[in-house]
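Subject: Structure for you to look at

Hi,

Here is the structure I promised to pass on. Have a look at it first, and then read on for what turned up.

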Amino acid sequence: MSEVRSIPRIVPPWPFEAYAHIISPLAEADGGGYLITFPDLPGCMADGETEAEAVANGRDAFVAVVSALADIGRDIPAPSFSPDDAAAPENPAGVAQKAC
């Protein structure tokens, strides 16, 4: 039988908030609640009865996954989403705008 060892918790090179995450409702047949996944960190997921609980549990999963990657000498993937990716497009010339 192998011995269980503790993996040291690290400070991630990028914060939790820098990573895109997807929150999806779980079917009642699967217990209900919500699932959070991270496209940049395959296998990193958590769930919770509420969206807020899924995010809180996702924070723990995030630290666990990046700590495990560092412990085995693997690179921690950089976040691929940037807030600039979601910037509103510029108004093309000639498109009328209406003040509300």
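Let me start in the middle of things: F38 is buried, and so is F62. Bear in mind that this is a predicted model.

Those two rings make an aromatic pair of the tilted kind, with 6.3 Å from centre to centre and 35° between the planes. F38 sits in the loop between β2 (34-37) and β3 (45-48) while F62 belongs to helix α1, so the pair ties together parts 24 residues apart in sequence.

F62 has another ring partner as well. The structure holds four aromatic pairs, and in one of them the centres of F16 and F62 are 5.7 Å apart with the planes at 80°, so this pair is edge-to-face. Here the link runs from the segment before β1, where F16 is found, to F62 in helix α1, 46 residues apart. F16 and F62 are both buried. Add Y19 and you have the full set: F16, Y19, F38 and F62 form one aromatic cluster.

For orientation, the protein has one helix and three strands, in the order β-β-β-α along the sequence. Of its 100 residues, 21% count as buried. The accessible surface comes to about 7400 Å², and carbon and sulfur atoms account for 55% of that. If you look at contacts between residues at least 6 apart in sequence, 38% of them join residues at least 24 apart.

Now the core. In soluble globular proteins, nonpolar side chains tend to be buried together. The largest nonpolar core here has 14 residues, and the members that touch the most others are Y19, I36, F38, L41 and F62. Helix α1 (residues 51-71) is the biggest contributor, giving six residues. L41 is a good one to click on: beyond its neighbours within four places in sequence, L41 is in contact with Y19, F62, V66 and P77.

Which residues does S67 contact, once its neighbours within four places in sequence are set aside? They are I7, P8, R9 and I10. S67 itself is in helix α1. Its relative accessibility is 4%, which is under the 20% cut-off, so S67 counts as buried. A polar atom of the S67 side chain lies 2.8 Å from the backbone oxygen of V63.

On to the charges. Side chains of opposite charge can pair when their charged atoms come close, and the count of salt bridges here comes to two.

- R5 and D71 meet through their side chains at 2.4 Å, N to O. This pair joins distant parts of the chain, with R5 in the segment before β1 (22-25) and D71 in helix α1, 66 residues apart. R5 is exposed, with a relative accessible area of 54%, whereas D71 is partly exposed at 29%.
- R59 and E17 meet through their side chains at 2.9 Å, N to O. Again distant parts of the chain are linked: R59 is in helix α1 and E17 in the segment before β1, 42 residues apart. R59 is partly exposed at 37%, and E17 is exposed at 53%.

If you want a place to begin, open the view on F62, which pairs with F16 and with F38.

Cheers

Technical notes:
Residues are numbered from 1 along each chain as its sequence is written. This is a predicted model: local features need pLDDT of at least 70, side-chain atom pairs count only at pLDDT 80 or more; totals for chains, interfaces and linings use all residues. Side-chain values use heavy atoms; hydrogens and water are left out. A nonpolar core is a set of buried Ala, Val, Leu, Ile, Met, Phe, Trp, Tyr and Cys residues joined through side-chain atoms within 4.5 Å. Buried means under 20% relative accessible area, exposed over 50%, partly exposed in between (1.4 Å probe, protein chains only). Helices (H or I, at least four residues) and strands (E, at least two) are DSSP runs, numbered from the N terminus. Contact means heavy atoms within 4.5 Å. Accessible areas come from the Shrake-Rupley method with a 1.4 Å probe; for residues, only the protein chains shown count as cover. A polar contact is a pair of N or O atoms within 3.5 Å; within protein, one must be able to donate a hydrogen and the other to accept it, and residues adjacent in sequence count only if both atoms are side-chain atoms. A salt bridge is a side-chain nitrogen of Lys or Arg within 4 Å of a carboxyl oxygen of Asp or Glu. Rings of Phe, Tyr and Trp (its six-membered ring) pair if their centres lie within 6.5 Å; planes under 30 degrees apart count as stacked, over 60 as edge-to-face and the rest as tilted.
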